[in-house]
Amino acid sequence: MSALANSRGAQPAGLQRALRTPDPVTEPGWVRWLLTGIALVFLALFLVVPLVAVFWQALSKGIGFYFAALADPDAVSAIKLTLVTAAIAVPLNVVFGLAASWAIAKFEFRGKALLTTLIDLPFSVSPVIAGLLYVLLFGAQGWFGPWLAEHDVQILFAVPGIVLATIFVTFPFVARELIPLMQAQGNDEEEAAHVLGASGWQIFRRVTLPNIRWGLLYGVILCNARAMGEFGAVSVVSGHIRGQTDTMPLHVEVLYNDYNFAAAFAVASLLALLALVTLALKLIAERHLPARSLAAQAPDHGDR
């Protein structure tokens with residue numbers, strides 16, 4: 001009896017040792033602390049310190065000079081042009097992103113792989129090259145340049161060229177957020193709604209759109225941030241006409257080249273505030289997105 005009792009008492013301990021889950025972190029404590037410290041130092045040097053430096057330099061001549069720099073006519077014009085460009089480019093990219101993601105995620109058709117590849121094209125092409133493409137198309141010596149000049153239509157060195165360049169560099173963001181999200185959700189709900197007699201528009205408005213609303217917001221946030229902060233492509237097509245075709249990033253460059261550092265950092269601080277707001281909204285949207293969707297989206301954000 002005692003041997004049987006001892007075996008019964010010893011069995012749970014043996015099973016616990018056999019079934020014990022190994023610690024996923026096998027490195028010593030000092031290694032974990034070292035890696036964490038390196039990551040924190042890296043973030044402090046390359047993220048926090050530059051961000052603090054922007055606001056420090058922006059306020060170096062006082063709060064009065066800061067607001068005077070933002071109220072300068074050229075700065076006001078740059079801010080307005082940036083907002084107008086984003087207000088045009090982002091809704092158009094939302095329409096394209098919804099249509100492209102709906103087609104790619106919900107249907108099978110010839111050319112689907114090609115369409116997916118073309119959506120990723122702006123991630124692979126330098127924004128400066130994109131701007132040069134528009135110069136080749138709409139410049140005075142370009143393919144459509146003589147026809148545009150004959151009909152008194154100006155695209156380059158004007159708002160239309162800036163909007164077109166911004167649309168090109170930002171159009172993947174909404175689509176690339178929605179495609180993996182729609183693919184992860186599948187077609188079951190849409191097919192059920194179709195069987196019940198719902199039309200295509202009803203299916204999209206009442207079934208698909210509510211399921212993707214946070215992914216859509218996520219893509220809009222990233223698209224808007226890139227549209228307001230775009231420099232390379234816009235720099236090529238804008239012509240750098242102060243007070244007319246300079247966006248906020250271009251105006252910062254002009255002020256910096258004029259050695260007006262405090263004013264340059266004042267305008268740059270608005271872009272930094274935009275980045276902080278974008279980060280906050282992005283975190284809010286991420287909390288409502290499925291984890292598998294975020295895992296699929298993570299590799300797709302290349303920026304220059």
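Student: In which helix is the place of L45?
Tutor: In this predicted model, local features need pLDDT of at least 70 and side-chain atom pairs count only at pLDDT 80 or more, while totals for chains, interfaces and linings use all residues. Residues are numbered from 1 along each chain as its sequence is written, and side-chain values use heavy atoms, leaving out hydrogens and water. Helices are DSSP runs of H or I, at least four residues, numbered from the N terminus. L45 falls in the helix of residues 29–58, α2.

Student: Is L45 buried or exposed?
Tutor: Buried means under 20% relative accessible area, exposed over 50%, and partly exposed in between (1.4 Å probe, protein chains only). The relative accessible area of L45 is 51%, so L45 is exposed.

Student: Which helix supplies the largest share of the largest nonpolar core?
Tutor: A nonpolar core is a set of buried Ala, Val, Leu, Ile, Met, Phe, Trp, Tyr and Cys residues joined through side-chain atoms within 4.5 Å. The largest has 21 residues, and V94, L98, V174, L178, I212 and L216 touch the most other members. At least two residues each come from α4 (73–106), α10 (172–185), α12 (200–229) and α15 (261–287). The largest share, eight residues, is that of α12.

Student: Which residues is I212 in contact with, leaving aside its neighbours within four places in sequence?
Tutor: Contact means heavy atoms within 4.5 Å. I212 is one of the core members that touch the most others. With those sequence neighbours left aside, its contacts are L98, L178, L181, M182 and Q185.
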